[in-house]
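Biologist: Please take a close look at one part for me, the largest nonpolar core. Which residues in that core touch the most other members?

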Amino acid sequence: VRGIVIKDKKLLVFKLHPEATFYSLPGGRLEFGETIYEGIQREILEETGIKPVVGKLLLVNQLIQNDRHRVEFFFFIENANDFEKIDLSKASHGFEVVSFEFTDIKDGVIQIKPDFLKDIVKEIIEKGIDNFSFRILTSH
């Protein structure tokens, strides 16, 4: 489960490993018995210390790589302004995040995984969240 947090046409991204060459969205894996809504709330709260207001489900991605087959759920997070105040030292799992920033994805400076996210976020920014249509994708 992953959250798409957009503020002032910029996307919140995390670097999760010092040597990583790409950024990720906040979120993570579900725990056994947890719903996708419970999971996205827990994961973002653990990583940022901020309780997300989970909006609509934007897309589902089937990730098929080598011997892995995962299903990812991407939700719009409505309270983007609250994420300006992230204090990783106060987040229970803030140690998992090396760095974070709101970035302008149009400049092409940073790499975001999965690769299709730049186009999705650009479309959300251009059309507005209410005019974005739900998608089911497959990536490799």
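Modeller: In this predicted model, the largest nonpolar core has 20 residues. I4, I6, L11, L58, F74, I112 and V121 touch the most other members. Strand 3 (10-15), strand 4, strand 5 and helix 2 each give two or more residues to this core. Helix 2 gives the most, with 5 residues. Nonpolar side chains tend to be buried together in soluble globular proteins.

Now pick out I4. Leave aside its neighbours within four places in sequence. I4 is then in contact with L11, L25, L58, F74, F75, F76, I77 and V121. A second, separate core has 13 residues, and V1, F14, I40 and I77 are among them.

Next, the sheet. It is open, with 4 strands in the order 1-5-4-7 and mixed pairing. Strand 1 (2-4) and strand 7 (135-139) are the edge strands, so each pairs on one side only. On average, neighbouring strands of this sheet are turned by 25° against each other, direction ignored. Strand 4 (residues 54-65) and strand 5 (residues 68-77) run antiparallel, joined by 9 bridges. One bridge pairs N61 with E72 in strand 5.

Two helices meet these strands. Helix 1 (residues 36-48) lies across strand 1, strand 4 and strand 5. Helix 1 runs at about 75° to strand 5. Helix 2 (residues 117-127) packs on the sheet. Helix 2 touches strand 1, strand 4, strand 5 and strand 7. The direction of helix 2 makes about 160° with that of strand 7.

Key: Residues numbered from 1 in each chain as written. Predicted model: local features only at pLDDT ≥ 70, side-chain atom pairs only at ≥ 80, totals over all residues. Heavy atoms only, no water. Pairing = 2+ DSSP bridges. Axes fitted to C-alpha atoms, helices over the stretch in contact; angles between N-to-C directions. Contact = heavy atoms within 4.5 Å. Core = buried A, V, L, I, M, F, W, Y, C linked by side-chain atoms within 4.5 Å. Buried < 20%, exposed > 50% of the residue type's maximum accessible area, 1.4 Å probe, protein only.
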